[in-house]
Amino acid sequence: PLAQPHPALLAYATRHRIAANDPPRSDGRLTVRVDGRWRVHLTGTVEGRTPSRIVLSARLLDLAGQLHQRSTDDLLVRLATLAAGRLKSDASGLSLDQKNQALLLMEAMPASSDLEALETGLADFVNTLAFWGHAIQAETQPSHGASLTGAPAAAPAFLSPFHPASGTHAFQTLQPPGSFAPPQVLFP
């Protein structure tokens, strides 16, 4: 059976006046665009009458064709070391998606999350996402030896989070905690 969107995601769409003509995806996922750079996926479903967790995720780094290379392994070890030091302060963490060959930032929110908890969690996630964007950029700079792509002065291998033709609006700047302005929600 098709899953129903999580009640907090439906409340989010209602609060931010998401067009009624854009039904949510059958998997219950919403996607928001943040700062013109990131796509944050909010996934949560209700099966029967029991809501599942809401999972926030964003792709930090495209590793297509670069997994199991020494420079990539070295980068992932440095990032994992940094992530271990942030375990107490961050609700989210790094995850390696081997199937899609990408480094993700992920967070699981409780099934009982309501709209306010979702918005607070999303604000915190976006702030953590900004930290990881800067950390990855710093780690992929030439001063750390060969870059992720092996070229001495290559740009960081960040993914372009959206196609320009998507027509969505995005954050212009990240907001500090407590002053979160919601990003545009998409139903791709």
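## A buried glutamate, a one-sided helix and a loop lysine

Let's start inside the protein: E107 sits in strand β8. The model we're looking at is predicted, and strand β8 (residues 102-109) happens to be the element with the highest mean pLDDT, at 95.

So which side chain of opposite charge is nearest to E107? That's R53, but it is 8.9 Å away, and E107 has no salt bridge even though it is buried. What does E107 touch, once we leave aside its neighbours within four places in sequence? Its contacts are I54, V55, L56, A91, S92, G121 and F125.

Now take a look at helix α2. It covers residues 70-85, which makes 16 residues, and it reaches 23 Å from its first C-alpha to its last. That is close to the 22 Å expected at 1.5 Å a residue. Its buried residues are T72, L75, L76, L79 and A83. Why do they line one face of the helix? Seen down the axis of α2, these buried residues fall within an arc of 95 degrees, so they share one face. Here's the rule behind that pattern: an α-helix has 3.6 residues a turn, so residues three or four places apart point the same way. The buried residues of α2 pack against β6 (54-62), β7 (93-97), β8 and α3 (115-139). Flip to the other side of α2 and you'll find R70, V77, T81 and G85, which are exposed.

Next, a residue in a loop. K99 lies between β7 and β8. Is K99 buried or exposed? With a relative accessible area of 77%, K99 is exposed. K99 and A64 are 35 residues apart in sequence, yet their C-alpha atoms are 9.7 Å apart in space.

Zooming out, the protein has three helices and nine strands. From the N terminus on, they run β-α-β-β-β-β-β-α-β-β-α-β. Of the 188 residues, 40% count as buried. Among contacts with a separation of 6 or more, 68% are between residues 24 or more positions apart.

How confident is the predictor? The average pLDDT of the protein is 74, and 65% of the residues score at least 70. The table puts the two extremes among the elements side by side.

| Element | Residues | Mean pLDDT |
|---|---|---|
| strand β8 | 102-109 | 95 (highest) |
| strand β9 | 184-186 | 39 (lowest) |

Over residues 144-188, pLDDT stays under 50, and the model has 106 contacts beyond four places in sequence for this stretch.

Methods
Residues numbered from 1 in each chain as written. Predicted model: local features only at pLDDT ≥ 70, side-chain atom pairs only at ≥ 80, totals over all residues. Heavy atoms only, no water. pLDDT = per-residue confidence, 0-100. Helix = DSSP H or I, 4+ residues; strand = E, 2+ residues; numbered from the N terminus. Contact = heavy atoms within 4.5 Å. Buried < 20%, exposed > 50% of the residue type's maximum accessible area, 1.4 Å probe, protein only. Lys, Arg positive; Asp, Glu negative; His and termini not counted. Salt bridge = Lys/Arg side-chain N within 4 Å of Asp/Glu carboxyl O. Expected span 1.5 Å × (residues − 1). Arc of directions from axis to C-beta.
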